[in-house]
Amino acid sequence: MKILAFESTCDETAVAVVEDGRKVLSSIVASQVEEHKIYGGVVPEIASRRHAEAISGVVKTALSDADCALSDIDAIAVTYGAGLLGALLVGVNFAKGLSMALNVPLIPVHHLRSHIAANYIDAPDLKPPFLCLTVSGGNTVLTEVCDYTKFKVIGGTKDDAAGECFDKTARCLGLDYPGGVMLDKIATVPDFKKYPLPYPKIENEEFAFSFSGLKTAVMNTVHNAEQRNEEIDIPVLAATVRKRVCDMLCDTTFKATEKYGYKTLAIAGGVSANSELRVRLTKECEKRNIKLYYPKLEYCGDNAAMVGIQGYYEYKDKNTAKESLNAFATLPIDYRYLGI
C-alpha cells in the first residue's frame, strides 16, 4: 500500500511517499528557515503563503523520487492538527482535493502521533506498548503508546514547552533562528554557581513539566547583566540552560518508567535531536536496562514520512475522513476523528 503524505503544521512544506507502514520511498521538505530567520521566529501568515506556493512542486518531486505516479497512490494522509491553523489548512485542502480527484481514502493524522511514528522508520522491532517523551517547540508530553492508534497522556507541560524555552532563551542570547539548534551547537560547560537557574516543579503533579519560570530566569539574568554593563558568557549560559532542561525531562521520564514498569522508551519531536538529551537518556537507559529508541536526525523535525507511517496504522484502524475534514490549531493526541 502506497500512501502520499502531507505535513504543513509550521514552516516546512513536506510531502512523502510511504509503502506498507514502514518503508519510506521518498521524503521531501521545503524549508522556510532562511525567510523566517530575519524575524527571529515563524510568521504564520508568511508560512501559509509559502506552503501554498511550494506544495505542488514538492508533490511532483516526492512522486518522482519514489518512482511512482499519482495512479500508484492508494491513499492520502495529512496532518490536520495541531499546528498553525493557516498553514495546516493549505495541506488539508490540497490533500482533500487530491483524495477526491484520485478517489482514494483520506487519512487524518495527528501531528504528535506522527512524531512518535518517526521512530518506526528505522526500527522494525519497535512495537507498542512503550512510553514516549515527545518534545518540540510547541509540545512536551509523556505518553503511553498503548497501540499504534491508542495513546494515554500521563504528563505534560503546564506552560511553555521545552523547545519554546530553548528557542526564547536563544533569542534572548542573540542567537540565530532556529534558536534551539543554535543553542545546542554553541553550548559548552554548564556552571550553576555562575548562573543559578531554577528547577521549576508543579506541586502534587508527579509527571508535570514547567519551563516558563526557567525561561524567565534566563531573561532576567541577561537583562540584569546588561544593566550592570556585564558581559554574559553565552556558551556557558547556553550549556547551563540545556542541562537544566535535560534534568527536568530525564528526571520525570524515568520516574514514569519506574511507576509504570516500562522497559521500552522512545523520544520524538524536534528537541529529540538535542545532543545532551540523547546522551543522557542513552546512559541512563543502559543503567536501567531500558531499550531506547529515537529517530534519525532527518526525521526529528517536521516531515511527511512520519505522517505516512502513522497514516498507515490509522487506515488499518479504519480511521479515515470525509471531504468535510477541517484543520485544528489544538488537538488532544487521543482524539479520534469521527467523520463529522
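Helix 5 and helix 8 are roughly antiparallel to each other, because the angle at which they pack is about 175°, and angles over 145 degrees count as roughly antiparallel. I should say at once that this is a predicted model, so please hear everything that follows as a description of that prediction. The axes of helix 5 and helix 8 lie 11 Å apart, and where the two helices meet, helix 5 contributes Ala 162, Cys 165, Phe 166 and Thr 169, while helix 8 contributes Val 241, Arg 242, Val 245 and Leu 249.

Helix 5, which covers residues 162-172, also has helix 7, residues 212-227, beside it, with the two axes coming within 9 Å and crossing at roughly 5°. Helix 5 and helix 7 are therefore roughly parallel to each other. On the helix 5 side this contact is made by Cys 165, Lys 168, Thr 169 and Cys 172, and on the helix 7 side by Leu 214, Lys 215, Val 218, Met 219 and Val 222. If you look back at the contact with helix 8, Cys 165 and Thr 169 appear there, and they appear again in the contact with helix 7. As a reminder about the spacing of such positions, an α-helix has 3.6 residues a turn, so residues three or four places apart point the same way.

Let me turn now to the sheets, starting with the one on which helix 9 packs. Five strands form this open sheet, in the order 8-7-6-9-10, and the pairing is mixed. Strand 8, residues 150-156, and strand 10 stand at the edges with a single partner strand each, so one side of each is left without a neighbour in the sheet. From one strand to the next, the twist averages 25°. Helix 9 touches strand 6, strand 9 and strand 10 of this sheet, and its direction makes about 180° with that of strand 9.

Is strand 9 mostly covered or mostly uncovered? Strand 9 is mostly covered, since four of its five residues are buried, and buried here means under 20% relative accessible area. Strand 9 runs parallel to strand 6, to which four bridges join it, and parallel to strand 10, to which three bridges join it. Leu 265 in strand 9 stands opposite Leu 131, and Leu 265 also stands opposite Leu 292 in strand 10.

Helix 9 itself, residues 275-288, has 14 residues and reaches 20 Å from its first C-alpha to its last, which is close to the 20 Å expected at 1.5 Å a residue. Its buried residues are Glu 276, Leu 277, Arg 278, Leu 281 and Cys 285, and what covers them includes not just strand 6, strand 9 and strand 10 but also helix 6, residues 179-186, and helix 8, residues 234-260. At the start of helix 9, a side-chain oxygen of Asn 274 reaches to within 3.2 Å of the backbone nitrogen of Glu 276. After the helix comes Asn 289, whose phi is positive, near 60°.

There is another open sheet of five strands, in the order 3-2-1-4-5, again with mixed pairing. Its edge strands are strand 3, residues 23-31, and strand 5, residues 106-110, each of which pairs on one side only. Neighbouring strands of this sheet are turned by 20° against each other on average, direction ignored. Strand 2, residues 12-19, runs antiparallel to strand 3 and is joined to it by eight bridges, and the bridge partner of Thr 13 in strand 3 is Ala 30. Helix 2, residues 44-65, packs on this sheet, where it touches strand 1, strand 2 and strand 3, and its direction makes about 25° with that of strand 2.

I would like to finish with a single residue, Asp 302, which is found in the loop between strand 10 and helix 10. Why does Asp 302 count as buried? Asp 302 has a relative accessible area of 16%, and the cut-off for buried is under 20%. Not counting residues up to four places away in sequence, Asp 302 touches Glu 7, Thr 9, Cys 10, Glu 12, Val 29, His 111 and His 115. With two of these there are polar contacts between side chains: one of 3.2 Å joins Asp 302 to Thr 9, and one of 3.3 Å joins Asp 302 to His 111. The C-alpha atoms of Asp 302 and Ile 121, which are 181 residues apart along the chain, are separated by 14 Å.

Terms used:
Residues are numbered from 1 along each chain as its sequence is written. This is a predicted model: local features need pLDDT of at least 70, side-chain atom pairs count only at pLDDT 80 or more; totals for chains, interfaces and linings use all residues. Side-chain values use heavy atoms; hydrogens and water are left out. The expected span of a helix is 1.5 Å times one less than its number of residues. Buried means under 20% relative accessible area, exposed over 50%, partly exposed in between (1.4 Å probe, protein chains only). Contact means heavy atoms within 4.5 Å. A polar contact is a pair of N or O atoms within 3.5 Å; within protein, one must be able to donate a hydrogen and the other to accept it, and residues adjacent in sequence count only if both atoms are side-chain atoms. Two strands pair if DSSP finds at least two bridges between them. Axes are lines fitted to C-alpha atoms, for helices over the stretch in contact, and angles run from 0 to 180 degrees between N-to-C directions. Angles under 35 degrees count as roughly parallel, over 145 as roughly antiparallel, 65 to 115 as roughly perpendicular and the rest as oblique.
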